[in-house]
Every structure is written in C-alpha cells, then in structure tokens.
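These are my notes from a session with one model. I went through helices, loops, a pocket and a database record in turn.

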Amino acid sequence: MTTMLEPLRRIAAYAVCTDSVDRVLLVRASERSGTPGTWSLPGGAVDHGEDPQHTVVRETATETGLSVAVASLHDVLADMRALPERGITIHTDRLVYRVSVRGGSLTDRVDRPTDLARWFTVDEARQLPLRSFTARALGLPASSADIVPDEPPEFPSFYAVPGPDGLHRAQRFAAYAVVTDPAGRVLLTRVSDGYPGAGCWHLPGGGTDYGEQPGAALIRELVEETGQTGRLIGLLGVASHRDAASLGPEGYPIDWHGVRAFYRVVVDQPAPPTVGDVGGSTCEARWFAQEELGALPTDRLTEVTAEAVQAARLT
C-alpha cells in the first residue's frame, strides 16, 4: 500500500544537452538507485541555498564528466513516485534547463546512483526505458517504470528541519504569476503583517501542494488570494532566494530557501479583487495600471516580484 509510505519532497534540476549532430545526453540509473536500468537527463537534487542553475552544472559534471553552461530554462514540472523497498514516496519539483558543453569527456561511474553516460539520437532514446520527466523533456511518449502512489499523501505546506548549525531550515517550491487583464493592468497582492516582506506588494501565487503541478497550483492560488480566474500563458523563469534567518509567524529564525517558478497569466474577465484566504499571508489584492506599477518604489515590491515584472517587460 503506497499510502503507508513516508512522504518526502525535494527540488531537482536537470540538463537537456545536445551535441553537434543533435544527439541528447542521458545517464543510466544503477542498481543503487530506486529505478535501476532506466535512463534520464543528467541532474539531481538542489542543495539547501543552492541556485538551481549551479545544481545542474554540478550534477552534470558529477554524472557525466562534462562541464556545461546553462543556456535557458526549458520546463518546470512535478511528479510523484513510490519506492516501497525504501518505505518512501517522493514528490520532486523538477527544473529542466537547456545547456551546452564547455569541455570534458564522458566518464562511467562505479558504485554510484548513475553508472553510465551516453549520447543518443531521439529515435534511439525512444527505445530506452526513460523516466517520465525525461520523455516529456524530449517530446516523447511517457513510458516510465516509476510506481505512482495511490493518492497524494498528507504533507505540510511548511516543513522545517534542524540544520547542521542548529538553526531550523526550510526549502520550499512555489509558483507565482505576473497577471494582467485586457486593459494591461497588473494584479498584485500585499503581504500580511507577521510574514517576511510584510507590507510589500507581491505576485499572486504560493507554495505547491504535494502531488500538484506548478501551473495548477498557480491557478488555484490566484482564486484563493484574489478571486480571479486566470489563463496560463507561459513560463517566464525561476528565481532562487535564500534568507539565512527569516522570521515569520513561527516566531523563530529559519534558514529559508525558496525556489519559485513564475509565469504569465491573463485574466480575461477581471473582477474587483477579493482575498479568500482571510488570516493568511495575503491581506490585500489590487489591480495596478502599468504607470502606477512603474511608480512604486523598489522597496515596496518583494524581490521576486521585481524580478518577474522586469522579465515580463512591464516596466
């Protein structure tokens, strides 16, 4: 029964790497892994406080012997898999980047979670037992050996654990949106007192639930925080921020690492904003004309909001 397995969450980053003849770089899971014999994109877990772009470079070098440079963000997705032999179910938020090779040579590994790294044409990859996220990244039909849990387990939206220095630490994946309406107005939310960034204007969105895709989480959060029904247009980017001693409603410092995907969303039929999650981290929601948004002082915006608005070229 997969419902009896201990739930875990992690954030990971992966590389879509092609050579001069359009072969793609894949690595094989060894007997030490949860899915031995399957092939996937090189990559792995994002360490606490680590920028995912650094993760994908580090993990690709470790697993393949190649040094790569990140070119662009390709996709963001989530999946669950059950590992009954280990007694766990894992939800992984996966950030997939396109990269290019800077140098190095392919290296096989011994007694590690991956043991081979090879170049394949897409047609050759189609014949391999691919992890589902890898098939999606390559535009191939999903055919995975992963065991999917019967249903998403209960898992807290906020989860902090003691770090090696004794300070509690938390790593959280979230999805946020730059939301506009047909008139070009931008929808922002204001952070409630008692939360990091209190009083600042923020993007609608928030942490994803266990087993939830980031796009679906974003549309759900938009309704809860602002009362608006939105349409997902596209992915803008990913931001990684660490606050080594964040202080929120918990009342004690937390070494906080947030990894946030942000998207463009359009509300075709805007309405006066209403905050449904009363008493939560959002105390107000408001539509801003672009000139009003441009006039806001930088210190009135959260860091991720300023980055996202710039990426969307709204100011």
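The expected span of a helix is 1.5 Å times one less than its number of residues. The model I am working with is predicted.

Entry 1, helix 1. I checked the length of helix 1, residues 52–64, against that rule. Its 13 residues should span 18 Å, and its end C-alpha atoms are 18 Å apart, so the two agree. I then looked up which residues of helix 1 are buried: Pro52, Thr55, Val56, Glu59, Thr60, Glu63 and Thr64. They cover an arc of only 120° around the axis, so they sit on the same side of helix 1. The general background is that an α-helix has 3.6 residues a turn, so residues three or four places apart point the same way.

Entry 2, helix 4. I repeated the check here. Helix 4 has 13 residues and an expected span of 18 Å; the end C-alpha atoms are 18 Å apart, which agrees. The buried residues I noted in helix 4 are Pro214, Gly215, Ala217, Leu218, Glu221, Leu222, Glu225 and Thr226. Seen down the axis, they fall within an arc of 150° and therefore line one face of the helix. After helix 4 comes Gly227, with a positive phi near 75°.

Entry 3, positive phi outside glycine. I looked up two aspartates. Asp22 has phi near 65°, a positive value in a residue other than glycine. Asp22 is in the loop between strand 1 (6–17) and strand 2 (24–29). Is Asp22 buried or exposed? The cut-off for exposed is over 50% relative accessible area, and Asp22 has 58%, so Asp22 is exposed. Asp111 also has a positive phi, near 60°. The place of Asp111 is the loop between strand 6 (88–104) and strand 7 (114–120). With 56% relative accessibility, Asp111 counts as exposed.

Entry 4, two buried residues. Asp255 belongs to strand 14. I noted a relative accessibility of 3% for Asp255, which therefore counts as buried, the cut-off being under 20%. The C-alpha atom of Asp255 is 6.0 Å from that of Asp243, and the two residues are 12 apart along the chain. Thr134 is part of helix 3 (residues 132–137). Relative accessibility is 0% for Thr134, so Thr134 counts as buried. From Thr134 to Pro42 I have 9.5 Å, C-alpha to C-alpha, with their positions 92 residues apart in sequence.

Entry 5, the largest pocket. I looked up its volume, which is about 1100 Å³. How many residues line the largest pocket, and which lie nearest its centre? The lining has 41 residues, and Arg172, Tyr176, Tyr195, Pro196 and Trp256 are the ones nearest the centre. Among the elements that give two or more residues to this lining are strand 9 (168–180), strand 13 (231–246), strand 14 (254–266), helix 4 (214–226) and helix 6 (303–311). By class, the lining comprises 12 nonpolar, 16 polar and 13 charged residues.

Entry 6, the record. The unreviewed UniProt entry carries the annotation "domain: Nudix hydrolase" for residues 7–143 and 170–310. I took the span 170–310 from the model: it is 19% helix and 41% strand. Its end C-alpha atoms lie 27 Å apart.

Definitions and conventions. Residues numbered from 1 in each chain as written. Predicted model: local features only at pLDDT ≥ 70, side-chain atom pairs only at ≥ 80, totals over all residues. Heavy atoms only, no water. 1 Å grid on protein atoms, 1.4 Å probe; cavity = no way out; pocket = protein on both sides within 12 Å on 5 of 7 lines; lining within 4 Å. Points joined across faces, edges and corners; volume = space filled by probe spheres on them. Helix = DSSP H or I, 4+ residues; strand = E, 2+ residues; numbered from the N terminus. Nonpolar A, V, L, I, M, F, W, Y, C, P; charged D, E, K, R; others polar. UniProt positions renumbered as here; feature names shortened; annotations may be inferred. Buried < 20%, exposed > 50% of the residue type's maximum accessible area, 1.4 Å probe, protein only. Arc of directions from axis to C-beta.
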